[in-house]
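Biologist: Could you pull up the model so that we can go through some of its side-chain contacts together?
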Amino acid sequence: MTTIKITTNYFATIEKVFDINRNIDIHQQSASKTKEVAIAGITSGLINKNETVTWKGKHFGVYLTHQSVISEMIFPTYFVDEQLKGHFKNFKHQHFFEQKDNYIKVTDILEYETPFGIFGKLFDKLLLKKHLTNFIIHRNTVLKNLAEK
């Protein structure tokens, strides 16, 4: 199991930051480098608890699909998206939102496990972990810029 933890500080209201993080349209904008689009389930607007979205995007030169569900949500402090169908053995992305004195601290904790035994672990160490870390950092930069406008 691999864990990635990234913290981003936003200067906006907690409700605005929470909604920007679960907005399908904004996610597609932030993931334009990988041509990621929502193709099934909730494909626009805000996604809520127990709703699903299927993404199609180009990673490592190949188009992949990933279906996830919002398995937990406590507005405006926490939500979780988990893989239902996709290329991981398991995939869980927790989003924590914490009000500080004059900013919102958002912590992303991504936990996943690759298939294919030792080959999957090697792929993760060599490429995947860095790719996913950069993907989330870029995504959060776009979301932060939008939230702070």
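Modeller: Before the pairs, one definition: a salt bridge here is a side-chain nitrogen of Lys or Arg within 4 Å of a carboxyl oxygen of Asp or Glu. Please keep in mind that this is a predicted model.

Biologist: Okay, how many salt bridges does a search of the whole structure find?
Modeller: The search gives 4 salt bridges. In one of them Glu-113 pairs with Lys-89, with 3.6 Å between the closest N and O atoms, and this pair links distant parts of the chain, 24 residues apart.

Biologist: Where do Glu-113 and Lys-89 lie?
Modeller: Glu-113 belongs to strand E7 (residues 104-113), whereas Lys-89 is in the loop between strand E5 (78-85) and strand E6 (90-99). Glu-113 is partly exposed at 26% relative accessible area, while Lys-89, at 55%, is exposed.

Biologist: And how far apart are the closest N and O atoms of Lys-144 and Glu-148?
Modeller: They are 2.7 Å apart in that salt bridge; Lys-144 is partly exposed at 22% relative accessibility, and Glu-148 is also partly exposed, at 32%. Another salt bridge joins Glu-98 to Lys-100, where the closest N and O atoms are 2.9 Å apart.

Biologist: Switching to rings, how many aromatic pairs turn up?
Modeller: There are 9 aromatic pairs in the whole structure. In the pair of Phe-88 and Phe-91 the ring centres are 4.9 Å apart and the planes meet at 45°, so this pair is tilted.

Biologist: Why does 45° make it tilted?
Modeller: Because planes under 30 degrees apart count as stacked and those over 60 as edge-to-face, the 45° of Phe-88 and Phe-91 falls among the rest, which are called tilted.

Biologist: Is Phe-88 buried or exposed?
Modeller: Phe-88 counts as buried, with 18% relative accessibility, and its partner Phe-91 is likewise buried, at 12%.

Biologist: Which residues form the aromatic cluster?
Modeller: One aromatic cluster is made up of Phe-18, Phe-75, Phe-79 and Phe-97. Two of these, Phe-79 and Phe-97, also appear among the residues that Asn-21 touches, together with Tyr-10, His-95, Arg-139 and Leu-143, leaving aside residues up to four places away in sequence. Asn-21 itself is part of helix H1 (residues 14-21) and is buried, at 4% relative accessible area.

Biologist: Last one, which residues form the nonpolar patch on the surface?
Modeller: Phe-60, Leu-122, Phe-123, Leu-126 and Leu-127 do, and together they have about 480 Å² of accessible area. Leu-122 sits in helix H3 (residues 117-147) and is partly exposed, at 49% relative accessible area.

Terms used. Residues are numbered from 1 along each chain as its sequence is written. This is a predicted model: local features need pLDDT of at least 70, side-chain atom pairs count only at pLDDT 80 or more; totals for chains, interfaces and linings use all residues. Side-chain values use heavy atoms; hydrogens and water are left out. Patches are made of residues with over 30% relative accessible area and no salt bridge: like charges are joined within 9 Å, nonpolar side chains (Val, Leu, Ile, Met, Phe, Trp, Tyr) within 5 Å. Accessible areas come from the Shrake-Rupley method with a 1.4 Å probe; for residues, only the protein chains shown count as cover. Helices (H or I, at least four residues) and strands (E, at least two) are DSSP runs, numbered from the N terminus. Buried means under 20% relative accessible area, exposed over 50%, partly exposed in between (1.4 Å probe, protein chains only). Contact means heavy atoms within 4.5 Å. Rings of Phe, Tyr and Trp (its six-membered ring) pair if their centres lie within 6.5 Å; planes under 30 degrees apart count as stacked, over 60 as edge-to-face and the rest as tilted.
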